[in-house]
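Trainee: I have a new structure to read. Where do I begin?
Mentor: Let us open it and take one feature at a time.

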Amino acid sequence: MKPFGQDFHFARTLGLELVERGEGHCVMAIDVERERHFNPQGAAHGGVAYSLADSAMGGAITSLLPDGEWCATLEIKFNYHVRVVEGRLTCEAEVLHRGKRVANIDARLYQDGKLVSSANGNFAIFPAPQQ
């Protein structure tokens, strides 16, 4: 399986954590903290959940790609169902369809066993640039 590098500054800044990954599936999590992730309305900023989902979806599709292929987010439809508060936020992503050039991926985000957000996205698949 292709490695999935989540050790980069943006991921560390947010606190993203890879839980498990393989065969078109990826689980990632973040421990939401009031001082670090909240907006002025007293809930986690929407970008926290979105970034977690985008990263988990990328992890799901890259688990199916050979070394010579990369992917990039084309578009994501994101639904916020209830506000996210302090505590563990987990995202489960699964590839629904992998074509030659585009993959479709579903994601569900949970906090305390409750569905808080859901997403569906399309990711481009393309040859890795020559270094």
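Trainee: Is R12 buried, exposed or partly exposed, and why?
Mentor: Keep in mind that this is a predicted model. Buried means under 20% relative accessible area, and exposed means over 50%. R12 has 47%, so it counts as partly exposed.

Trainee: Where does R12 lie, and what does it touch?
Mentor: R12 belongs to helix 1, residues 9–14. Leaving out residues up to four places away in sequence, R12 touches D7 and R36. Sequence distance and spatial distance are separate readings. R12 and R36 are 24 residues apart in sequence, yet their C-alpha atoms are 12 Å apart in space.

Trainee: Now the sheet. In what order do the strands stand?
Mentor: Read a sheet from one edge to the other. Here six strands form an open sheet in the order 1-2-4-5-6-3, with antiparallel pairing. Strand 1 (17–22) and strand 3 are at the edges; each has a single partner strand, so one side of each lacks a neighbour in the sheet. On average, neighbouring strands are turned by 20 degrees against each other, direction ignored.

Trainee: How many bridges join strand 3 to strand 6?
Mentor: Count 11 between strand 3 (residues 69–80) and strand 6 (residues 114–127), which run antiparallel. One pair to find is F78 with its bridge partner A119 in strand 6.

Trainee: How many bridges join strand 5 to strand 6?
Mentor: There are 10, and strand 5 (residues 102–111) runs antiparallel to strand 6. I105 stands opposite G121 in strand 6. These two strands form a hairpin with two residues between them. In that turn, D112 has a positive phi of about 55 degrees.

Trainee: Over how many bridges do strand 2 and strand 4 pair?
Mentor: Eight, again in the antiparallel sense. C26 stands opposite A93 in strand 4.

Trainee: What about the interior? Which residues have the most contacts inside the largest nonpolar core?
Mentor: First the general idea: in soluble globular proteins, nonpolar side chains tend to be buried together. The largest nonpolar core here has 34 residues. I30, L52, M57, I61, L89, I105 and L109 have the most contacts inside it. Several elements supply at least two residues each, including helix 1, strand 2 (25–32) and strand 4 (87–98). The largest share, eight residues, comes from helix 3.

Trainee: Which residues does L109 touch?
Mentor: Skip those up to four places away in sequence. Among the rest that L109 touches are A49, L52, A53, F78, L89 and V116. I105, met earlier opposite G121, is also on the list of residues with the most core contacts.

Key:
Residues numbered from 1 in each chain as written. Predicted model: local features only at pLDDT ≥ 70, side-chain atom pairs only at ≥ 80, totals over all residues. Heavy atoms only, no water. Helix = DSSP H or I, 4+ residues; strand = E, 2+ residues; numbered from the N terminus. Buried < 20%, exposed > 50% of the residue type's maximum accessible area, 1.4 Å probe, protein only. Contact = heavy atoms within 4.5 Å. Pairing = 2+ DSSP bridges. Core = buried A, V, L, I, M, F, W, Y, C linked by side-chain atoms within 4.5 Å. Axes fitted to C-alpha atoms, helices over the stretch in contact; angles between N-to-C directions.
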